[in-house]
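Me: Please take a close look at one buried position in this model, and then set it in the context of the chain as a whole. A formal, connected account would suit me best.

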Amino acid sequence: MNRAETEAPPESPPLARRIVQEDGVVVEHENFQGDYRLLRLQAPAITPLVQPGQFLHLKAPHAAESLLRRPFSIYQAADGVVSILYKDIGRGTRAMTFLRPGETLNLLGPLGTGYPLEDRGTFPVLVAGGYGMAALYLLAKRHPNRGIAFFGGATPGDILCVPEFEALGWEVRVTTIDGGLGMQGKVTVAIDAWLAEIDETVRPEFYACGPNAMLKAVGDHALARDALAWLSMDRNMGCGVGACLTCVQKLHTEEGGWTWARVCREGPVFETRRILWDEEKAT
Ligand SMILES: Cc1cc2nc3c(=O)[nH]c(=O)nc-3n(C[C@H](O)[C@H](O)[C@H](O)COP(=O)(O)OP(=O)(O)OC[C@H]3O[C@@H](n4cnc5c(N)ncnc54)[C@H](O)[C@@H]3O)c2cc1C
Ligand code: FES
């Protein structure tokens, strides 16, 4: 029986409505691994509000005043300190590389609707590419169950945080396109191998963050097994709080039509059945 035909997927958890604007103080800023840097910020007002899958919208100092805020998934949040792992890819992230301990930068957060944490008696399967490995860490820590995590990247330098996830009790399987670490190929190769290993009694529930093509593939795997898949969508953002409509994504409605949703507010995490992918025809 196909769940999509019989019942609506569960809604994402209610939005944590409290959003704080706070000057975060840099407590640590260092090379993490490969092209990624770890930025730890003292932010005592934001930290206790953070839910897995939420993000910070930060105003990069050392950049032109006109530069919009930039969104970053919250990697860790504890003891009044929030952390992000980021890659220098453009103007904003380049400006961030100059931050030194003791400097401040303005933060807005925690933003968005993250991953659900309900225990549905399913087996959690995390799937990450790129910064998704950071975005899923808090979920791995706070999820009531332990399961398996699939990390994919182009080269070994793209694979982050494996020891951290293993220390939390998750099995981690790695794929790289160049075959330098783990199985060679895309992350779905390892997922397919695992799905062939498990028996019918294992009911996977997927949680993913990474490039859109990866998210779509994870969603398709979930649909094929009548499983749920919670996908964190990446969109360029403006305001980050639902006002400017820069980040919109088409979603299916229960009535069979479609509607726009704001990735910064109703998302970034959506259950795969709700997402109307660009290649699908909107009716
Ligand atoms: C919810 C969310 C969470 C994110 N979490 C992280 C994270 O934890 N770590 C991390 O390194 N990055 C993360 N990102 C991506 C990050 O926001 C962008 O890398 C950053 O905004 C780039 O800013 P920039 O000024 O350096 O680049 P720009 O100068 O603005 O852009 C440089 C190039 O990158 C492209 N680009 C810019 N933003 C994005 C984006 N969001 N997705 C794809 N391409 C983009 C541009 O089109 C351009 O080609 C996240 C994005 C979202 C939406
Ligand atoms: S970024 Fe402005 S509405 Fe989402």
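Reply: In this predicted model, L105 is buried, because 22 other C-beta atoms lie within 10 Å, and 20 or more are needed for a residue to count as buried. The residue belongs to strand 7, which covers residues 104-111. Leaving aside residues up to four places away in sequence, L105 touches G24, L58, K59, A60, P61 and L99. One of these contacts, L58, is 47 residues from L105 in sequence, yet the two C-alpha atoms are 7.1 Å apart in space.

The wider chain gives this position its setting. Of the 283 residues, 42% are buried. Among contacts with a separation of 6 or more, 63% are between residues 24 or more positions apart. The radius of gyration of the chain is 18 Å, which agrees with the value near 19 Å that a compact globule of 283 residues would have. The C-alpha trace spans about 55 × 45 × 30 Å along its principal axes.

In secondary structure, the chain has seven helices and 16 strands. Seven of the strands form an open sheet with mixed pairing, in the order 11-10-9-8-12-13-16. Strand 11 (183-184) and strand 16 (269-271) stand at the edges of this sheet; each has a single partner strand, so one side of each is left without a neighbour in the sheet. Strand 8 (residues 123-129) and strand 9 (residues 148-153) run parallel and are joined by five bridges. Within this pairing, L126 has A149 of strand 9 as its bridge partner.

The surroundings of ligand 1 complete the picture. Around the ligand there are 22 residues, of which Y86, G90, G92, T93 and Y131 come nearest. By character, the shell divides into twelve nonpolar, five polar and five charged residues. At least two shell residues are supplied by each of strand 4 (70-73), strand 6 (81-87), helix 2 (91-96) and helix 3 (132-135). Domain 1 (3-14 + 114-274) and domain 2 (20-111) each contribute at least three residues to the shell.

Note on methods. Residues numbered from 1 in each chain as written. Chains lettered and ligands numbered in written order. Predicted model: local features only at pLDDT ≥ 70, side-chain atom pairs only at ≥ 80, totals over all residues. Near = placed C-beta within 6 Å. Helix = DSSP H or I, 4+ residues; strand = E, 2+ residues; numbered from the N terminus. Nonpolar A, V, L, I, M, F, W, Y, C, P; charged D, E, K, R; others polar. Domains from an automatic or database assignment. Rg over C-alpha atoms; globule rule 2.2 N^0.38 Å. Buried ≥ 20, exposed ≤ 12 C-beta atoms within 10 Å, placed from the backbone. Contact = placed C-beta atoms within 7 Å. Pairing = 2+ DSSP bridges.
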